[in-house]
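Colleague: I am new to this structure and would love a close look at its interior. Could you walk me through the strands, cores and cavities there?

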Amino acid sequence: MFKSVPGPPAYPIIGNILDIRDEVPIHAMANLADKYGPIFKLILRGKEVYFVSNCQMVGELCDETRFIKIAPDALTKDRPSGPSGLFVARESDPDWGQAHRILMPAFGPLAIGHMFDEMHDIATQLVLKWARKGPENRIPVTDDFTRLTLDTIALCAMDYRFNSFYQDEMHPFVKAMTNSLSARNGPSSLWDVIKTLGGGTSQDLLNDRKLMADVAAQLVKFRREHPSDKKDLLNAMVKGKDPRTGEGMRDELISANMVTFLVAGHETTSGLLSFAFMQLLKNPAAHRAAQSEVDRVIGMAKMRLEHLKDLKYLNAVLRETLRLSPTVPAFVRQVRDENNENPPSIGGYELPRDRKVIALISKSQQDPDVYGDDAKEFKPERMLDEKFEKLPKSAWKPFGTGMRACIGRPFAWQEALLVTALILQNFDLKLDDPSYKPSVKQTLTLKPRGLFIRATLRKGIDATKLQETMISNGSAPTENNAQLSKPLDANSQGEGLREMSILYGSNTGTCETLAQRLASDASRFGYNGKVMDMDSATSDLPSHQPVVVITASYEGQPPDNAAHFINWLTSDQAASLEGVEYAVFGCGHSDWSATFQRIPALVDEVFEQKEGTRIVTRGVSDAAKGDIFSDFDQWADQIFWPAMTKRQGSQPSLENIDRSPQLKIELISGDRASRLRQGVCQAVVQDVRSLVSPSEPEKRHMEILLPADMTYEPGDYLTVLPLNPEANIQRVMTRYHILWDVTIVIKSKGSTTLPAYMPMLVSALLKGYVELGQPAKKKDIKILEVSTRNDEAVRETLATLKDTNFESDVLAKRTSILDLLERYPSIDLPFNVFLAMLPPMRHRHYSISSSPLADPTGCTITYSVIDEASLSGQGQFVGVAGSYLKSLHPGDSIQVAVRAANKQFRLPLQAERTPILMLCAGTGFAPFRGFVQQRAEQLKADKTRKLAPAILFIGCRSSTLDRLYAEELDAWGRDGTVDVRYAFSKEQDHIDAKGCKYVQDRMIKDKEDIFGLWDQGAKVFICGSSGLAKAVGKAARTLIKERVKAIDGSDVEEERLNKWFRENRNERFVTDVFA
């Protein structure tokens, strides 16, 4: 008995078009596969279309005896009459058979090998362009690779030069092709569907198709009129004879195939190259391994064809890239007429004979049954030759299957290998935005959206000598020429100042702020501080000048903009750091005890091991015990700068130096000017509501409509750029007697994050650019003390606050600079100094509390609002982000970005096999609401689907006052989506709490259920405050000891227990701790 294929309900006329309404339709289809399982159906344009998404079913679909390739609608709809190119023609079409037989020899290994020099010619143009523009150029990767691949296929296939690198605008053929592909991609809105129901094709689209056909026809005509002996694809078609019939191809058929080659021959390869470099730059270890292989195989010599066969790892990089990001993410099959199955079926599901079946290889190539739980991770090692050969044949199908697989695969592969190797040989690359979240744009194929990189010529190479090397057979230039290509840095022109490099690694901006602070102080000590992220110094660490590294760790991993530097530093590439003078300052939080200060300590140790010269001992700040900014100021003022002045042979008194931040400003009455923020996009608030009783600390829910190209997974964060509360802005304006219409122009030439030389309202500057509520630092209080000239009592009070009572009266009570200015009116602090003391406004991260399966166009967040009497005694303390979010209403705009969570904080890919345990309290439930909602959507879509068990341990105060999303959780509990175990701190006797006050109590009570799921391979997730994490960890230790004692009667040694936690962290259990 065959099973029926599931799918979402369809609407009259429009069918399921709303279910694939997405900027990137393949994302919507992937979501439907997650929701409905490995096979589902949709009604599109009035017909049933079937989709399969796992390796086993795709394998069945690739059986040439049962199924046949069908060209997708995107290639066949509204086609003009006339012959069809290879990709569009049916297998039964005589034109397809003739073209296929004539062209197969032209794509053989020998013929493709003969094209190497011309491929190298075009690749050289790309490399020289990047070299001449220098490291400050933001490279639009996809655009440049499109120029490269178009010019390559045109030159190699038909001896034509588009010369795309010598003109700003692309050839008209490219514009026409892009318009045509976008139109073929299908309607993205309901209105588009309604328009297509009326039939017809726009005149613009007809003109574009005519231009493409005309270009191809002109190329064929020119070759007929100007014969050549070149062995290219055009001559193969012009001169070739069908070995079966002895006939040649007519010009119309040649033209049709020329268009096919120009489109397919560059569109897919440019996508492959773009995704490959995106993956390499997001995975520093793979990047380093690929570049090391290029250095070993090719060195600095000119690349030759014979080098390609030895680039085994680079081969694996391209394979893994196409596994995760196939540029053609699906292909279409249909039951063969000669298939005698009655009825035809796949995977136990019945298929109608006349319906199209789409293989979603973008999903099947990430099948966890084949690739494991890390199937979504980029690991080229799994694609090395021996491992690759052992994969099921259907596990990797980016070029299609059978006789109808891509005929141009050898051409594309040789080109991609050559270009990738050439770029790695000559450049050190970095992402323009280290926190870039992979995003996709879709026409007929897929490419990265908004991907920009920067390319720096590797040490010892300059643009002039590079040109000679690329053209000649010689080796690369010597190091003596390296400086010729490096543009002068504007920051390095300080007269009479020694150079100092200040490197930072930071995801949240804290370490970058510290680096800017150090740079602003540097000139007072005789140094010109150049600030850059750590990745900028990869393979090019300055020597014979001080190098300061300020960095943090994130779950023991380097920050986004330091990953490549760390990978290089710990590799053999950084063999010796002799001559490098260095100092390291590390930020961290000891609640992450297993990885506390790992990256700063690693940098410090490796610099020493590789013969660097340590200037001072490593600075350490623990945010759990104090204030990072004050710790840094103390290290800089009392340790680092005294050591630096001593190294210069002089030792000026620090007390005599004016340490007040300097900022030149001018106040003007005028209009407001604004500046756009980077890294966030505009979204729209759709719904807001409170989740708790008015008597409880406020927790709220917000639904947000995301930008069309912004996607997320359950567990990800939503970054929000907030605005300061109006009350705090008014406090500043009142303290400094500034009217609301006063405009400010910042005229500082120093290091500042404020918008310089741009008139704007003072209120706007205070609202969006600076933090007003952060605790004052010791250095700040010292400046306030110095600024109090006529009130000795206040001076003494501030001195005591700084030296004796700082932790108890400033940090613990979150006393800000503004609080102190209001408390002590006699402090005469100029407004420009006040502004310079304020840290820049920073983003806030919130766990997304929804699943894209419920609504791929938007997400929700769950947050707390703090509005209570200030511990400092200065009015109310209002949380910046919470109050900002609460002020928003449906229809309001909000600036957001999606940030990926720890890659281990994800639902298991094998949802049917891997149980999950979730432990949280309060708003720590946010990511787990997304997890449970994902499960609920999957079960709702397919009633027969069985997911592995899930237990949620959640702590609240009360069963009625603050039980978040109570109705949802009750419903999910009833239908088996999740088993909810409550603990109520104020109602532990409630029937649902089972006598448990806290989550850790409920763990102990339900230990047998925890043991049972753990033995089944469960993954454990913890989200909440550091206090919750510690309490859960303590309870887990108790349970382990009890269980071992019950099994074998032994006591578990503490070291053995610690080892167990280290080995299972981020494997079997994952934590997400928030402040």
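Modeller: Happy to; here is a tour of the interior, beginning with a few words on the model.

This is a predicted model, in which local features need pLDDT of at least 70 and side-chain atom pairs count only at pLDDT 80 or more, while totals for chains, interfaces and linings use all residues. Residues are numbered from 1 along each chain as its sequence is written, and side-chain values use heavy atoms, with hydrogens and water left out.

Let us begin with strand β22, residues 717-720. Helices (H or I, at least four residues) and strands (E, at least two) are DSSP runs numbered from the N terminus. Tyr717 and Thr719 point one way from β22, Leu718 and Val720 point the other way, and all are buried. Buried means under 20% relative accessible area, exposed means over 50%, and partly exposed lies in between (1.4 Å probe, protein chains only).

β22 has antiparallel partners, and two strands count as paired if DSSP finds at least two bridges between them. Four bridges join β22 to β25 (residues 844-847), where Leu718 has Tyr846 as its bridge partner. Four bridges also join β22 to β29 (residues 893-899), again antiparallel, and here Val720 is partnered by Val896.

Next comes strand β23 (residues 742-746), which is largely enclosed by the rest of the structure because five of its five residues are buried. Val742, Ile744 and Ile746 point one way from β23, while Thr743 and Val745 point the other. Two bridges pair β23 with β24 (residues 760-761) in the antiparallel sense, and Ile744 stands opposite Met760. In the loop between α24 (726-735) and β23 sits His737. His737 has a positive phi near 55° although it is not glycine, and His737 counts as exposed because its relative accessible area is 73%.

Now for the cores. A nonpolar core is a set of buried Ala, Val, Leu, Ile, Met, Phe, Trp, Tyr and Cys residues joined through side-chain atoms within 4.5 Å. The largest one has 133 residues, and Trp130 and Phe145 have the most contacts inside it. Helix α12 (residues 251-282) gives the most to this core, with 15 residues. Leaving aside residues up to four places away in sequence, Phe145 touches Leu126, Trp130, Ser270, Leu273, Ser274, Phe277, Val419 and Ile423; contact here means heavy atoms within 4.5 Å. Another core, of 41 residues, lies apart from that one and includes Ile729, Val762, Val810 and Leu821.

Finally, the cavities. On a 1 Å grid over the protein atoms alone, a cavity is a set of points where a 1.4 Å probe fits but cannot get out, and its lining residues have an atom within 4 Å of a point. Grid points are joined across faces, edges and corners, and a volume is the space filled by probe spheres set on the points. There are two cavities of 30 Å³ or more. The largest has a volume of about 70 Å³, and its lining includes Lys69, Trp96, His100 and Arg404. The second largest, of about 50 Å³, is lined by twelve residues, with Ala301, Gln425, Asn426, Thr469 and Met470 nearest its centre. The elements giving two or more residues to that lining are α18 (409-426) and α19 (463-471).

Definitions and conventions
On a 1 Å grid over the protein atoms alone, a cavity is a set of points where a 1.4 Å probe fits but cannot get out, and a pocket is an open set with protein on both sides within 12 Å along at least five of seven lines; lining residues have an atom within 4 Å of a point.
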